[in-house]
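Trainee: I am new to this structure and would like a close look at a single part of it. Please take one loop residue as the way in, and then work outward to the helices around that part.

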Amino acid sequence: MRTNLNHYFINGEWIGSTGSETIQVCNPATEEVIGEISSGTEEDLNKAVAAAKAAFPSFSKTSKEERIQLLEAIANEYENKKDELIDVITEELGSPVSISQNVHYTMGYNHFKHAAEALKDFSFEENRGNHKIRKESIGVSGLITPWNFPTNQTSTKIAGAIAAGSPMVLKPASMTPFAAMMLADILATAGVPKGVFNLVNGSGSTIGNGISKHPDIDFVSFTGSGKVGEKIMKNGAETIKKVALELGGKSPLVVLEDADMEKAAKTAAWNIMMNTGQVCSAATRAIIPTSKKEAFEKAVKQAVSSFEYGDPKQTETKTGPLISKDQWDTVQSYIEKGIHEGATLLLGGTGKPEGLETGYYVKPTVFTDVTNDMVIAQEEIFGPVLSVITYNDLDEALEIANDTIYGLAGYVVGKDKRTLAHVANNIKAGQITVNDGKTDFFAPFGGYKQSGIGREWGDYGIEEYLEVKAIMGLSS
């Protein structure tokens with residue numbers, strides 16, 4: 001039990017809510033309530049925004065060196081809280097402890113470290129002919145983060161804001177608020193000035209809408225669903241507010257003719273099994289040569305089946321439950337649609353895995369004989385469900401890959417470098433992974449089309465929190 005955390009972090013201290021409504025937080029592996037948080041009010045939000053606004057004049061004028069030192073101090077304090085953060089993520093998200101450590105905790109740490117490194121080479125001023133270009137903090141930023149990566153998405157936004165000199169108000173997801181609340185203490189201990197970081201829990205309808213409409217918030221960075229992103233854009237338009245959105249995905253994994261099918265299958269399996277498929281950039285469409293269909297199907301069935309799933313606290317567990325009953329129901333409905341549409345069920349299906357009746361566990365599911373016009377190939381499922389689609393030539397593979405409203409990520413597996421480059425260059429998505437390409441926290445992350453607007457990570461993430469000013473006649 002995390003007990004009741006009915007306070008918000010505003011202007012450097014924890015204060016009580018002005019409202020009385022609360023939100024229960026559940027452990028998705030046990031279905032038990034582990035604590036509750038206050039559901040913030042408009043008055044609570046106004047206090048947080050006022051604190052951030054008051055902090056802006058001084059914090060925006062801090063030097064690059066001061067902010068580098070601050071980010072490094074945050075990373076050090078974050079590292080000091082490693083074990084506690086891992087425990088919290090495992091409990092509130094249902095993430096296997098190995099994933100909580102090697103993915104969630106590690107990504108959060110890297111964002112602070114890499115933002116500090118990116119800032120060292122970042123130029124806020126440059127001379128061009130007879131004019132000077134200045135990049136200045138945009139003002140107060142509103143950060144709205146999702147439940148599926150409670151440290152990764154939160155840390156990258158916080159790090160970018162601090163690097164740019166932008167005070168902020170954070171609304172973390174109500175289903176996974178505790179890691180974000182831990183971050184508030186980490187930031188305070190690291191020496192973040194009062195008012196620079198503020199946190200208000202609550203509903204999207206009150207706090208989320210309030211952030212995107214608030215006249216004293218200059219920029220909103222949101223990660224979540226397309227429908228909510230659309231609402232944020234409409235709200236932000238009322239004050240012509242800058243908005244950055246990281247939304248959904250239906251990413252393709254293009255398997256080339258010369259690829260090792262076992263390696264390709266392992267890539268596909270990792271994409272749908274890591275974080276129980278609750279990953280916006282996951283490759284949920286495997287696009288494979290018709291001639292390799294049998295070999296790939298055999299390999300992917302074995303690869304997916306090799307993942308241990310169950311109790312997140314066990315070190316051997318690699319896949320845990322979905323986040324909630326609602327998400328479980330959603331994934332079940334998509335599996336039923338796939339069956340109804342005529343796709344072949346290679347593995348998994350509806351219902352819970354045997355022996356895992358308690359908790360929001362779902363059977364890892366692989367569909368073959370999928371066509372790209374099926375619902376399961378077009379809509380984001382957000383669960384461990386893979387659609388296998390065949391192609392006859394490379395042009396058809398690329399046509400299938402790009403036949404989606406999304407464009408967040410893409411993957412290509414094969415041997416010939418020219419073909420790999422051709423496919424990577426022609427997938428319409430913001431980040432492409434070739435073979436075993438490792439995550440680079442200096443590389444920009446964000447999407448094309450309905451996967452979003454703007455970029456996070458590294459120097460591109462810092463740019464989002466800045467405005468550009470041209471000063472004529474003052475170039476030196």
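Mentor: Start with Phe122, which sits in the loop between H4 and strand S6 (125-128). The model is a predicted one, and what follows should be read as a description of that prediction. Is Phe122 buried or exposed? Its relative accessible area is 7%, under the 20% limit, so Phe122 counts as buried.

Which residues does Phe122 touch, leaving aside those up to four places away in sequence? They are Lys64, Lys135, Asp459, Ile462, Glu463 and Leu466. Take Lys64 from that set: Lys64 and Phe122 are 58 residues apart along the chain, and their C-alpha atoms are separated by 8.7 Å.

Lys64 leads to the helices, since helix H2 covers residues 64-80, while helix H4 covers residues 97-120. Two packed helices are described by the angle between their axes and by the distance between the axes. For H2 and H4, the axes come within 9 Å and cross at roughly 160°. An angle over 145 degrees counts as roughly antiparallel, and H2 and H4 are therefore roughly antiparallel to each other. The crossing of H4 by H2 is left-handed. On the H2 side, the contact is made by Lys64, Arg67, Ile68, Leu71, Glu72, Ile74, Ala75, Tyr78 and Glu79. On the H4 side, the contributors are His104, Tyr105, Gly108, Tyr109, Phe112, Lys113, Ala115, Ala116, Leu119 and Lys120. Sorted by kind, the residues of this contact are eleven nonpolar, two polar and six charged.

H2 also packs against helix H5, which spans residues 152-164. Here the angle is about 155° and the axes are 8 Å apart. H2 and H5 are therefore also roughly antiparallel to each other. H2 passes H5 in a right-handed crossing, whereas its crossing with H4 is left-handed. From H2, the contact with H5 draws on Arg67, Leu70, Leu71, Ile74 and Tyr78. From H5, it draws on Ser155, Ala159, Ile162, Ala163 and Ala164. These residues divide into eight nonpolar, one polar and one charged.

Leu71 and Ile74 of H2 appear in the contact with H4 and again in the contact with H5. Both also belong to the largest nonpolar core, which has 72 residues. Leu71, Ile74, Phe112, Ile158, Ile162 and Phe197 are the members that touch the most other members of that core. Not counting residues up to four places away in sequence, Ile74 touches Phe112, Ile162, Ile186, Leu187, Ala190 and Val192. A second core, separate from this one, has 30 residues, among them Ile335, Ile389, Ala397 and Ala401.

For contrast with the buried Phe122, consider Lys234, found in helix H8 (residues 226-237). Its relative accessible area is 55%, over the 50% limit, so Lys234 counts as exposed. Glu31 is partly exposed, at 34% relative accessibility. Glu31 lies in the loop between strand S4 (22-27) and strand S5 (32-38). Most residues other than glycine have a negative phi. The phi of Glu31, however, is positive, near 65°.

Note on methods. Residues are numbered from 1 along each chain as its sequence is written. This is a predicted model: local features need pLDDT of at least 70, side-chain atom pairs count only at pLDDT 80 or more; totals for chains, interfaces and linings use all residues. Side-chain values use heavy atoms; hydrogens and water are left out. A nonpolar core is a set of buried Ala, Val, Leu, Ile, Met, Phe, Trp, Tyr and Cys residues joined through side-chain atoms within 4.5 Å. Buried means under 20% relative accessible area, exposed over 50%, partly exposed in between (1.4 Å probe, protein chains only). Contact means heavy atoms within 4.5 Å. Axes are lines fitted to C-alpha atoms, for helices over the stretch in contact, and angles run from 0 to 180 degrees between N-to-C directions. Helices (H or I, at least four residues) and strands (E, at least two) are DSSP runs, numbered from the N terminus. Angles under 35 degrees count as roughly parallel, over 145 as roughly antiparallel, 65 to 115 as roughly perpendicular and the rest as oblique. A crossing is left-handed if the near helix is turned anticlockwise from the far one by less than a right angle, and right-handed if clockwise. Ala, Val, Leu, Ile, Met, Phe, Trp, Tyr, Cys and Pro count as nonpolar, Asp, Glu, Lys and Arg as charged, and the others, Gly among them, as polar.
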